[in-house]
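Dear colleague,

Please find the structure below, handed over for your own work. My notes on its sheets, helix packing and internal spaces follow it.

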Amino acid sequence: MPVPLPRRGRAAARRARRRVTLAALPAALLTLTVAGAAPGATSGGGAKAPAARPSAPSAPSPAAAPPARPRVFDAAPARASLQRLLPRHAGQFTLVPDTGAGPDSFTVSGTAGAVTVRGSTGATLLTGVGWYLQHVAGADIGWPGDSIGLLPATLPAVPAPVTRSAQVAHRYALNDTDDGYSGPYRTFEEHQRQIDLLALHGINEVFVQVGAEYPYYRALQQFGYTAAELREWIPGPGHQSWWLLQNLSGFGGPVTEDLMRGRAEMGGKITEQLRGLGMTPVLPGYFGTVPPAFAGHNPGAVTVPQGDWAGFERPDWLDPMSPPFARLAAAYYAEQRAVFGDSTMYRMSPLHEGGQTGSVDVKAAAGAVQQALWAAHPGALWAVLGWQDDPTKELLAGVDTSKLLILDGLSDRYNRLDRETRWGGTSYAIGSIYNFGGHTTVGANTSVWIDRFQAWRAKPDSALTGIAYLPEATGTNPAAFDLFTDLAWEPGPVDQRKWFADFAARRYGAPDARAAAAWEELRTGPYSTSSGLWSESQDSLFTARPSLTAAGSAYWSPKAMRYPAGSVRRALDHLLKVDPRLRGSSAYRFDLVDTARQALANHSRVLLPRIKAAYEAQDLPLFRELTADWAHREGQLDALVGSDPNFLLGTWLSAARSHGADRAEQDRYEYDARSILSVWGRQSTSEGGFLHDYANREWSGLISELYARRWSSYFASLEEALVRRAAPRAIDWHAFEDDWAKLTTRHPARPSGDPYTLAAGIAATLPQVN
C-alpha cells in the first residue's frame with residue numbers, strides 16, 4: 001500500500017526553533033543552541049574519486065572527520081516534496097528509504113497505480129520519481145513548464161525493476177550570481193519549488209546565498225563597526241551576489257536589519273529543506289572581505305585594497321596571515337552556524353576577477369583560509385569556481401586539495417582544455433554557464449556537454465568527479481536543464497538525437513510528429529552550437545542600446561547568430577501544428593511563447609541592417625516604413641511574452657516592493673531590482689564597466705517601457721536628422737536608462753492574452769529564413 005503523506009508538525013516545530021535563534025543573542029550563546037553533530041548532508045557517489053595528492057608542506061591538516069553514520073533517514077520531507085510536485089498522483093508512490101542501497105542510487109518498480117521507489121536519500125527517492133516520469137509515464141516537470149496534467153488517472157506500471165546510480169559523486173547547482181539574476185526577492189515557496197526540481201533532476205549539492213549578509217553584519221560589529229555603518233556597506237539583495245564575490249559594496253541599499261533578518265530566516269529554512277532531503281547546503285565561506293578602515297579598527301590587521309571592478313571600488317581583502325583573520329573567521333562561522341547550521345561544503349573564490357594580491361603570499365593565505373574553515377567545520381570541502389585564471393597554482397599549492405572541488409565554469413566554452421594538467425589532478429566538476437545575466441535566449445552547447453563528459457571521465461588520470469549546473473540565471477531553457485542533469489545518471493553515452501526526440505514526447509505528455517519535428521529543428525540549431533568562443537547563444541537586438549550598428553545587447557555576449565535562424569522559424573511552424581489535445585500544458589505554452597519570441601528576436605538581426613541601409617541612402621519613406629515595422633514587432637513581442645507568467649516585469653518588481661516596510665524602502669528595493677536589468681550600477685559601471693543591458697531580457701513591461709521607448713527616441717532623432725539634413729542629436733543613454741530604473745510604475749503580475757493566437761499571428765507575418 002502507498003505510504004500516506006505525513007503532516008508537517010515536526011518541520012513546523014523546527015522552523016519555529018530556528019526563528020528563536022534569530023533573536024539578537026550573543027553568537028556564543030546561539031552556537032550552544034545548535035552545536036552538535038554537523039547536520040550538513042554528506043554526498044555519496046557512484047564514481048571513484050582520484051587518489052588524493054599529498055597536501056603542500058604549509059597546508060593545514062583537518063581535524064578528524066566524525067565517524068560515518070548509517071544512511072538511515074526520514075522519507076517524510078521527500079513525500080512532502082512529492083505532494084507538491086504531483087498533487088494528484090503522489091498517493092500512487094511508495095517511497096522507501098533503502099539503507100542497503102549503494103550511495104546515490106534508486107530502484108523503481110511497481111504495478112499500475114502502485115509505484116515503489118527505493119533510494120539512498122530523500123533526494124534520490126525524488127530522482128527515482130523523476131526517472132519514472134521521464135522514462136515510464138512520459139511526462140515532464142521542467143524548469144519551467146510541465147505536462148503532468150496529461151498523466152492518466154492511474155499511473156502506468158514499471159515493466160521491470162530498474163536501478164540507477166549516479167555516475168559522479170558531486171551534482172552541484174547554482175552560480176554565485178543566481179540569486180541576483182534569477183530573483184533576489186523570491187519567496188520561500190519559490191525557493192522550495194527550486195529545491196524540489198533540483199532533487200527531481202538528481203542534484204545533491206545546492207549553493208545557498210539568501211541571507212548570507214547576516215553573519216557578516218553580526219560578526220563585524222565585534223570588530224569596530226556600527227550597525228548603521230554595516231547597513232550602508234551591505235548592498236541591496238539584487239547586488240549582493242557580487243558583494244559576496246568581493247566585487248562591490250553599498251549599491252542598492254542601505255538595507256534594514258528587518259530585511260537582513262528576514263532573508264537569514266529564509267536562508268535557514270532553505271538549508272533545513274535541503275538537509276531534510278539529504279542534500280548538501282553549500283554555504284558561503286569566509287576568505288577575508290572587510291569594510292573600509294578595518295586595519296584602523298583592529299591592530300595587527302593587514303588589508304590589501306582590491307582596486308576596481310567594473311567601475312566599483314571593491315571591498316578590501318584582509319590578509320589571512322594577519323592575526324585578526326582567524327578571529328574574524330571564527331566569529332563569522334559562529335554567526336553563520338547560529339542561523340544556518342553547519343554544512344560539509346563551503347563556497348569561496350578569493351581574488352575573483354582581478355583581485356589584487358599586494359604583498360600577500362597567496363599560497364600561505366590559501367592555507368590559512370582553509371585552516372579557518374576547518375577550525376569551524378573540521379574536514380569541510382572547499383568549492384572554488386574555475387573561471388578565468390582561477391584557481392591559481394599558488395592557491396592550489398597552499399591547500400589540501402583532497403578537500404577541494406573546482407566548479408569548472410568553462411568546460412564547454414573553449415577547446416583544447418586539459419583540466420588534470422591545469423589543476424594538477426584536483427577534483428573538478430564539469431560545468432556550463434549557458435545563460436548570462438538571465439537572457440531569454442534559447443540554446444546551449446549540448447553536443448559538447450555529451451562528448452566531453454564521456455571523454456573526460458574516460459581519461460586514465462581523470463579527476464572529473466561531478467557536474468556543476470552554473471547558468472548565471474535559472475528558469476530558462478528547460479531542455480538544457482533536463483539534458484545537463486541527465487548526464488550524471490545515464491549509465492552510458494547520451495544519444496543527443498534520441499534524447500531530444502524523447503524529450504519532445506514527454507514534454508507535451510504524448511508522442512506527436514509535429515512536436516518531434518520542432519525539437520529536431522531546435523536540436524540541430526540552437527542546441528547544437530559549438531565550443532571555441534561561447535557557451536551562450538546571441539541575444540536580441542530589440543533589447544540593445546540603440547545604434548544602427550548594434551550587434552548585440554550585452555557587451556559581453558556573442559555579436560552574431562550562432563546557428564541558422566531558420567531552425568527556430570521552422571520549429572515555430574511545427575509547434576503551432578501540434579495536436580490540439582496537447583496544447584493545454586504549461587510546458588507547451590511556455591515553449592510556444594519562447595520559440596516565437598526567439599524567432600522574432602532573430603528577425604531583429606535581419607531588420608536592423610535594412611533600416612541602416614535606408615538611413616544611409618537618405619530614403620525617408622523607406623526608413624519610416626521599416627522603423628514602423630520595427631515598432632510593430634516590438635509591440636508583438638511585448639504582447640506575446642505578456643501571455644506567459646515567466647516573462648513578466650511586474651512579477652519581478654512587485655516581489656522587490658513586497659520587502660519594504662514603507663514607501664521609501666520599497667522604492668529603494670525597486671531601484672535595486674530595476675537597475676540590475678538596465679544600468680546595472682553607477683554610471684562608471686554602466687559605461688566604463690560595459691554592464692548596461694548585461695541582464696537584458698525580453699519581458700512584457702520591460703520591452704514596452706524601456707526598450708521600445710529607447711528605440712523610438714533613437715529613430716525619431718534619425719528621422720529628424722534626415723528631414724533637417726543634419727547630424728542626429730545626441731542622446732544620453734545612461735541618463736535615459738537610469739531615469740527608467742528610478743520609476744515606480746506598476747506592471748501586471750499576471751499573464752494576459754492567448755499564447756497560441758499571439759504566436760500564430762507572429763508566424764503568419766514573419767518571413768521564412770534559411
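How many bridges join strand 15 (residues 404-408) to strand 16 (residues 428-432)? Three bridges join them, and the two strands run parallel. Strands pair if DSSP finds at least two bridges between them; strands (E, at least two residues) and helices (H or I, at least four) are DSSP runs, numbered from the N terminus.

Before the details, the conventions. This is a predicted model, in which local features need pLDDT of at least 70, side-chain atom pairs count only at pLDDT 80 or more, and totals for chains, interfaces and linings use all residues. Residues are numbered from 1 along each chain as its sequence is written, and side-chain values use heavy atoms, with hydrogens and water left out.

The barrel

Strand 15 and strand 16 belong to a closed barrel of eight strands, which runs 5-6-7-13-14-15-16-17 with parallel pairing. From one strand to the next, the twist averages 30° (angles run from 0 to 180 degrees between N-to-C directions, and axes are lines fitted to C-alpha atoms, for helices over the stretch in contact). Ile406 has Tyr428 of strand 16 as its bridge partner. Helix 17 lies across strand 16 and strand 17 (464-469), and its direction is at about 165° to strand 17.

The open sheet

A separate heading is due to the open sheet, where four strands are arranged in the order 1-3-2-4 with mixed pairing. Strand 1 (93-97) and strand 4 (162-165) are at the edges and have a single partner strand each, so one side of each is left without a neighbour in the sheet. Here the twist from one strand to the next averages 15°. Strand 2 (residues 105-111) pairs with strand 3 (residues 114-119) in the antiparallel sense, over six bridges; Ser109 has Thr116 of strand 3 as its bridge partner. Helix 4 (residues 122-137) packs on this sheet and touches strand 1, strand 2, strand 3 and strand 4, contact being heavy atoms within 4.5 Å. The direction of helix 4 makes about 50° with that of strand 2.

Helix 3 against helix 4

Helix 4 also packs with helix 3 (residues 76-85), at an angle of about 35° and with the axes 8 Å apart. Ala78, Ser81 and Leu82 of helix 3 meet Gly122, Leu125, Leu126 and Val129 of helix 4. By class, this contact has five nonpolar, two polar and no charged residues (Ala, Val, Leu, Ile, Met, Phe, Trp, Tyr, Cys and Pro count as nonpolar, Asp, Glu, Lys and Arg as charged, and the others, Gly among them, as polar).

Cavities and pockets

On a 1 Å grid over the protein atoms alone, a cavity is a set of points where a 1.4 Å probe fits but cannot get out, and a pocket is an open set with protein on both sides within 12 Å along at least five of seven lines; lining residues have an atom within 4 Å of a point. Grid points are joined across faces, edges and corners, and a volume is the space filled by probe spheres set on the points.

There are eight cavities of 30 Å³ or more, and the largest has a volume of about 220 Å³. Of its 20 lining residues, Gly130, Trp131, Gln134, Leu200 and Asp486 are the closest to the centre. Helix 4 gives the largest share of this lining, six residues.

The second largest pocket has a volume of about 1200 Å³. Among its 46 lining residues, the closest to the centre are Ser182, Glu190, Gly475, Pro645 and Asn646.

With kind regards
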